[in-house]
Every structure is written in C-alpha cells, then in structure tokens.
Amino acid sequence: MKQLFKSILKYVKNPRLKQLKYATVQQKIGIVLACVPICILLGLGFGLTLTVLEASGVYSSDTHAVSKLFEEESPLYIIFSAVILAPAIEELIFRGPITLFKKRYFKIAFYTFTLLFGYVHIFNFEITSQLLILSPLLVAPQIVVGLVFGYVRVRLGLAYSIVLHGCYNGVLIIPAVIFMP
C-alpha cells in the first residue's frame, strides 16, 4: 500500500495520460481494493477539518444533505444512491472525459475536473456567505479523494474508478446506515 500511495502521489504531481497496459483484471481489482483504505485515510484526514469547524461553531453538519437523506429516506435507497448511482454518474461526468484531452491539455483537464468534482459537493451544504468562504476546506476531502479516483481512471479505466468510488462511499455509508437510529 505504501508503494501504491507513493505512485499515486508521484502521478498527482505530474499527471500523464498513460494507462497500465499489461495489468490483468485481477491486478487492477487488487489496485482498486488497495486504494480504498488510502481514500479512507485521506478523506478522513482532510475531513478532520470539518470536525474542527463544527466544534468551533463555524459550521453545522445538521444542514448537510446527507443528514437530511438519513432522516427522509429508507436505508436501501440511501445505499443504492450513495454506493451505486452517485459513483456511476459522478465518475461518468468528472472522470469519463479526462482521457479525451490529449497530452497538451491533459494536466489542465485532470486538475480542472478534480476541482469541479470537489466543488460540486458544496451543494450538499446549505449555501451561505460564510460557507462559501470556508468552501475550500469543506470540499478538500472530495478533492483529495478525487485525485485518487482520477489516478485510477487514467491508469486502469473508467469502470475501475466507478468501482473505487462505490467502495469508498460504501465503507462510509453502509456502517452509518446499519447504525442509523
């Protein structure tokens, strides 16, 4: 996992349109599964910012869309939406097109789509002027994890980034649904 993290970090510093050509499906699945804990650690690490902001009274998770989703929808709907539907749609929109950009514009596309992916999650919050000021901190977890999704999309293929995104959401959402009051 440490070697994979270093590979991802190196890639993110200098993204290139270069697929792993000779990896088997089994090897690709192994890479995706190894990326899940990396994403969890990165997402939770950057997510600590939200905890600090909430503890200091600057932000409240009570107005977050996920909180409302848990109050209003059934557990099956929540799991289907978060683990299957959202990853498929988001990956098709934010990761699907990046390989269409050739060498000259690829880096710009890679970073732009990653930022757009992160910032689309700002709509999970109740929009206020204070929230917009804090937005880089609030969407940092999605941006950082989006970089890993982008790495997997380019190196392994779109289907694998969809699977990774679904696994990542599943690890976060399914326990929350199970322990839902």
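Author: In this predicted model, a residue is called buried when its relative accessible area is under 20%, exposed when that value is over 50%, and partly exposed in between.

Reader: Why is Glu91 called buried?

Author: Glu91 has a relative accessible area of 0%, and the limit for the word is under 20%, so Glu91 counts as buried.

Reader: What makes the contact of Arg95 with Glu91 a salt bridge?

Author: The closest N and O atoms of Arg95 and Glu91 are 2.8 Å apart, and a salt bridge asks for a side-chain nitrogen of Lys or Arg within 4 Å of a carboxyl oxygen of Asp or Glu, so the pair meets the definition. Arg95, with a relative accessibility of 1%, also counts as buried. In general, side chains of opposite charge can pair when their charged atoms come close.

Reader: How many salt bridges does a search of the whole structure find?

Author: The search finds one salt bridge.

Reader: Why does the structure hold zero disulfides, and how do you know that Cys35 is not in one?

Author: A disulfide needs a pair of cysteine sulfur atoms within 2.5 Å, whereas the closest cysteine sulfur to that of Cys35 belongs to Cys39 and lies 6.0 Å away, which is too far for a bond. For Cys167 the closest cysteine sulfur is again in Cys39, at 9.9 Å, and this too is too far for a bond.

Reader: Which word describes the accessibility of Cys35, and which that of Cys167?

Author: Cys35 stands at 0% relative accessibility and therefore counts as buried, while Cys167 stands at 27%, and therefore counts as partly exposed.

Reader: What makes Lys21 exposed, and where does Lys21 lie?

Author: The relative accessible area of Lys21 is 69%, and exposed means over 50%, so Lys21 earns the word. Lys21 lies in the loop between helix H1 (2-13) and helix H2 (25-55), and together with Lys10, Arg16 and Lys18 it belongs to a patch of positive charge on the surface.

Reader: Why is Lys103 called exposed, and how far is Lys103 from Lys18 in space?

Author: Lys103, which is found in helix H5 (residues 103-120), has a relative accessibility of 79% and so counts as exposed. The C-alpha atoms of Lys103 and Lys18 are separated by 9.7 Å, although the two residues are 85 residues apart along the chain.

Reader: Why is Ile174 called partly exposed?

Author: Ile174, placed in helix H8 (residues 158-178), has a relative accessible area of 31%, and because partly exposed covers values between the limits for buried and exposed, the term applies to Ile174. Ile174 and Val83 are 91 residues apart in sequence, yet their C-alpha atoms are 8.6 Å apart in space.

Reader: Which residues form the nonpolar patch on the surface?

Author: Phe80, Ile84, Leu85, Ile89, Leu92 and Ile93 form this patch, with about 550 Å² of accessible area together; one of them, Ile84, lies in helix H4 (residues 75-94).

Methods:
Residues numbered from 1 in each chain as written. Predicted model: local features only at pLDDT ≥ 70, side-chain atom pairs only at ≥ 80, totals over all residues. Heavy atoms only, no water. Patch = residues over 30% accessible without salt bridge, like charges linked within 9 Å, V, L, I, M, F, W, Y side chains within 5 Å. Areas by Shrake-Rupley, 256 points an atom, 1.4 Å probe, with all protein chains shown as cover. Lys, Arg positive; Asp, Glu negative; His and termini not counted. Charge placed at Lys NZ, Arg CZ, Asp CG, Glu CD. Helix = DSSP H or I, 4+ residues; strand = E, 2+ residues; numbered from the N terminus. Buried < 20%, exposed > 50% of the residue type's maximum accessible area, 1.4 Å probe, protein only.
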